[in-house]
Amino acid sequence: LGPTSFPSPPPTLDQRGPGLRSHLGLPRCQMFEPVSCTYTYLLGDRESREAVLIDPVLETAPRDAQLVKELGLRLLYAVNTHCHADHVTGSGLLRSLLPGCQSVISRLSGAQADLHIEDGDSIRFGRFVSWVLGPQEEGDCTKQQGCCAKTLYHSVHEKIFTLPGDCLVYPAHDYRGFTVSTVEEERTLNPRLTLSCEEFVKLMDNLNLPKPQQIDFAVPANMRCGVQTPTS
């Protein structure tokens, strides 16, 4: 999922603050799930009270739903950036907790959802638009072997690194305590993405990472929007 498009240019480095404070009437919250180190993002429009939630986690979905209610927002969409392997999505539960909420995921994922999106699509909430920037393949490519490293490399360089350098980049996961970066920082300082494509592919193909701990039950559940199959 790409960066949000605001009525004026997106916030830059000197405008960011704790917990993604409000900018131009847009309530924004960055929330953390410690087991999978996943960030969840709530974006809302103060005027219409419409909101979207990006990458909710099952265990913290009640927290997210409560925040939506406390802020007086109406959640339109619970968006999954891909079919996660390290946690079960909270989008299915949120559809029950917040009637009217629709689940969203990439069409290329093959997963069930109320709404399927692809590269170039947009998601509207109130006065704001969130643009979808995605590769032609789907997956948690920085963490799983078997994903196409070449596709990932070109997607980042052609879709993210062509944005203004001071455009903020918020992570889906973080294991070192970082909460935000910029396009320019990643373009010049990211130790993997400053490699050539050939070097990047070789590095990613030889990471030898263990498979995510929750993959065996997370992926089947996430293919069904995070809804678990009842035990018989």
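In this predicted model, helix 3 and helix 5 cross in a right-handed way. Helix 3 covers residues 149-160 and helix 5 covers residues 197-205, and the two pack at an angle of about 135°, with their axes 9 Å apart. That angle makes helix 3 oblique to helix 5, because it falls between the 115 degrees where roughly perpendicular ends and the 145 degrees beyond which a pair counts as roughly antiparallel. Who touches whom here? On the helix 3 side, the contact is made by Ala149, Lys150, Leu152, Tyr153 and His154, and these meet Cys197, Phe200, Val201 and Met204 of helix 5. Sorted by type, the residues of this contact come out as 7 nonpolar, 1 polar and 1 charged. Lys150 is the charged one, since Lys belongs to the charged group, and His154 is the polar one, since His is not listed among the nonpolar or charged types.

Stepping back to the whole chain, there are 6 helices and 11 strands. The chain has 232 residues, and 44% of them count as buried. Take the contacts between residues at least 6 apart in sequence: 60% of these join residues at least 24 apart.

A good example of a long-range pairing is Cys83, which sits in the loop between strand 5 (74-79) and helix 2 (91-97). Cys83 and Asn222 are 139 residues apart along the chain, yet their C-alpha atoms are separated by just 6.0 Å. Cys83 has a relative accessibility of 9%, so it counts as buried, the cut-off for that label being under 20%. Cys167 gets the label too, because its relative accessible area is 6%. As for cysteines bonded to each other, the structure holds 0 disulfides.

Two residues stand out for their backbone. Arg49 has a phi near 70°, which is a positive value in a residue other than glycine. Arg49 is part of the loop that runs between strand 3 (38-44) and strand 4 (50-54). With a relative accessibility of 28%, Arg49 counts as partly exposed, because that value lies between the 20% and 50% limits. Asp55 also has a positive phi, near 55°, and again this is a residue other than glycine. Asp55 is found in the loop between strand 4 and helix 1 (61-70). Is Asp55 buried or exposed? Its relative accessible area is 3%, so Asp55 is buried.

Another loop, the one between strand 6 (102-106) and strand 7 (115-117), holds Ala113. Leaving aside residues up to four places away in sequence, Ala113 touches Ser103, Val104 and Ile105. Ala113 can also be placed relative to Ser91: the two are 22 residues apart in sequence, and the distance from C-alpha to C-alpha is 9.0 Å.

Ser181, finally, belongs to a strand rather than a loop, namely strand 11 (residues 181-182). Its relative accessibility is 9%, so Ser181 counts as buried. Tyr170 is 11 residues away from Ser181 along the chain, and the C-alpha atoms of the two are separated by 6.4 Å.

Terms used: Residues numbered from 1 in each chain as written. Predicted model: local features only at pLDDT ≥ 70, side-chain atom pairs only at ≥ 80, totals over all residues. Heavy atoms only, no water. Disulfide = S-S within 2.5 Å. Buried < 20%, exposed > 50% of the residue type's maximum accessible area, 1.4 Å probe, protein only. Axes fitted to C-alpha atoms, helices over the stretch in contact; angles between N-to-C directions. Helix = DSSP H or I, 4+ residues; strand = E, 2+ residues; numbered from the N terminus. Parallel < 35°, antiparallel > 145°, perpendicular 65-115°, else oblique. Left-handed = near helix turned anticlockwise from the far one by under 90°. Contact = heavy atoms within 4.5 Å.
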